Each structure stands twice: as C-alpha cells, then as structure tokens.
Amino acid sequence: MSLTAIVTTPGDTLNVRSIPNGEIVDVLENETQVIISGDSINVEGEIWVSIGTNRWVAANFLKIIDPAILNIPGAKIVSTQTQEQIGGGLQVYQTQLIDNTGKIIDQVRCVSGRIGQQIPSDEPGSQTPLPFGIYTFDAPGIVEDAPGEFGGVWSGITPTFPTERAGLGLHYDPSALLYVSQTGTSGCLATPTIEEREIMTQFILEYQPTHLIVQTAD
C-alpha cells in the first residue's frame, strides 16, 4: 500500500532528485499531490522518500493526506512491510513517524517476527510478524524501561480488530542484525539499531502517538 501526500513548501518549489541528495531532475509546486512508495533512505540525518523511478524528495516537505490515515486521530506511526531484508532474513518495515497534522517528522526501519517466520499470523505464540491492521497505544507518550530482549524500551499496543495475538508492543531488538536462532522479535514491532531506537523513543515521548498502522507495500 502506498501513501498519498502533498508538497508543503509555501512560496517555493520542492526539488526532485535522481537519487537521495543527488542531481535535480524536476521541481514540484507547493500543494502538488504525490504518491510515496515503500522505498526510503536516511542520508546524513535527512529522510528521503521515493515518489517514482529515479525520483526522490525530502520527506520533511511532505504531508500525508491519505484519507485512511488522516481519519485516524492524533499523531501516529505507519509501518509498511517491504521486501528488503536485514539480519539474515528479517523483512524491513519502513516506519513513518507522523504528527497530528499529517506531517512526516522522521522515519526509521523496524522488524517483526523471527527469521524464517515472516508471514503475519493471528495464531498466538507463533512468533510471526504483527498482523496487518490498526493498533492503539495502551499509554500514549509512555516508554517503559524493559531490559533484555526488549532493548530497554517498551510501549504496549492493542489491536483494534479481532485477533488471538496479545501482549504486543514496540521496542528495540538487540538481536535484529545478528543471524542466530533468536534473531528478530517474538511478534512485536522493533527498531534494529540504537540510533533508530532513540528516534522512535523521542517521537513517542514528544508527540504521544495514539495509533500504529501496520500495512503491506503490496
């Protein structure tokens, strides 16, 4: 699933580049509508998103206008499963951190489930990725101290749809970039690096997102 966004550069245009921070190939007027694909990359602290083949723009000049996303109140986190893999076989979830106006504040990678078990399932204890759907944060703006496999951070979430999965949350996965039997999560959504953990934690603390949307890029 792709996201629809609008260019937000009052009084100016937005450069479209062939690669992130590369050659300018086009410009977009303010309020131009674009489609964001699942591709994104962080270059020297700036998030770039793909809006077509060899067409990249800086994410902080875009505002999400997808009705399905905007109708969900408050700040939110949108995590899209891609075909990219890390850690010996964990699929990357490109995860956009969005404020209550729809502006993309930042973006991180996440993982979910164990290696070899990358198809989402409703079966409890399956250690597969989170089922696609909308989740609410149990305590918006709260990040609990959670040692061990949870990497020091924990924010609980609850699905808004019928599923047998429970005990779910967002955390940091210290094993994500390893290739061992326990690489990945037992079914939660987790950031794979300390840097991304800190970006996610700061967003949750500052913007107090109310919802997590997990979707597929297909």
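Biologist: Why is arginine 109 called partly exposed in this predicted model?

Modeller: The relative accessibility of arginine 109 is 24%. Buried means under 20% and exposed over 50%, so arginine 109, at 24%, counts as partly exposed.

Biologist: What makes the pair of glutamate 196 and arginine 109 a salt bridge?

Modeller: Their closest N and O atoms are 3.0 Å apart. The cut-off is a side-chain nitrogen of Lys or Arg within 4 Å of a carboxyl oxygen of Asp or Glu, so the pair qualifies. Glutamate 196 lies in helix 2 and arginine 109 in strand 11 (residues 104-114), so the bridge ties together parts that are 87 residues apart in sequence.

Biologist: Is glutamate 196 buried or exposed?

Modeller: Glutamate 196 has a relative accessible area of 10%. That value falls under 20%, so glutamate 196 is buried.

Biologist: What makes glutamate 149 and arginine 114 a salt bridge?

Modeller: The N to O distance is 3.0 Å, and the limit is within 4 Å, so the pair counts. The two residues link distant parts of the chain, 35 residues apart. Glutamate 149 sits in the loop between strand 12 (133-137) and strand 13 (154-159), and arginine 114 in strand 11.

Biologist: Which labels do glutamate 149 and arginine 114 get for accessibility, and why?

Modeller: Arginine 114 has 3%, which is under 20%, so arginine 114 is buried. Glutamate 149 has 36%, between the two cut-offs, and therefore counts as partly exposed.

Biologist: How do you know that glutamate 198 and arginine 197 form a salt bridge?

Modeller: Their side chains meet at 2.7 Å, N to O, and this is within 4 Å, so the pair is a salt bridge. Arginine 197 is buried because its 18% is under 20%. Glutamate 198, at 39%, counts as partly exposed. A search of the whole structure finds 4 salt bridges.

Biologist: What is unusual about the phi of glutamate 31?

Modeller: Most residues other than glycine have a negative phi. Glutamate 31 has a positive phi of about 75°. This residue is found in the loop between strand 3 (24-29) and strand 4 (33-36). Its relative accessible area is 58%, over 50%, so glutamate 31 is exposed.

Biologist: How do you know that the chain agrees with a compact globule?

Modeller: With 218 residues, a compact globule would have a radius of gyration near 17 Å, and the protein chain has 17 Å, so the two agree. Buried residues make up 50% of the 218 residues.

Note on methods. Residues numbered from 1 in each chain as written. Predicted model: local features only at pLDDT ≥ 70, side-chain atom pairs only at ≥ 80, totals over all residues. Heavy atoms only, no water. Rg over C-alpha atoms; globule rule 2.2 N^0.38 Å. Buried < 20%, exposed > 50% of the residue type's maximum accessible area, 1.4 Å probe, protein only. Helix = DSSP H or I, 4+ residues; strand = E, 2+ residues; numbered from the N terminus.
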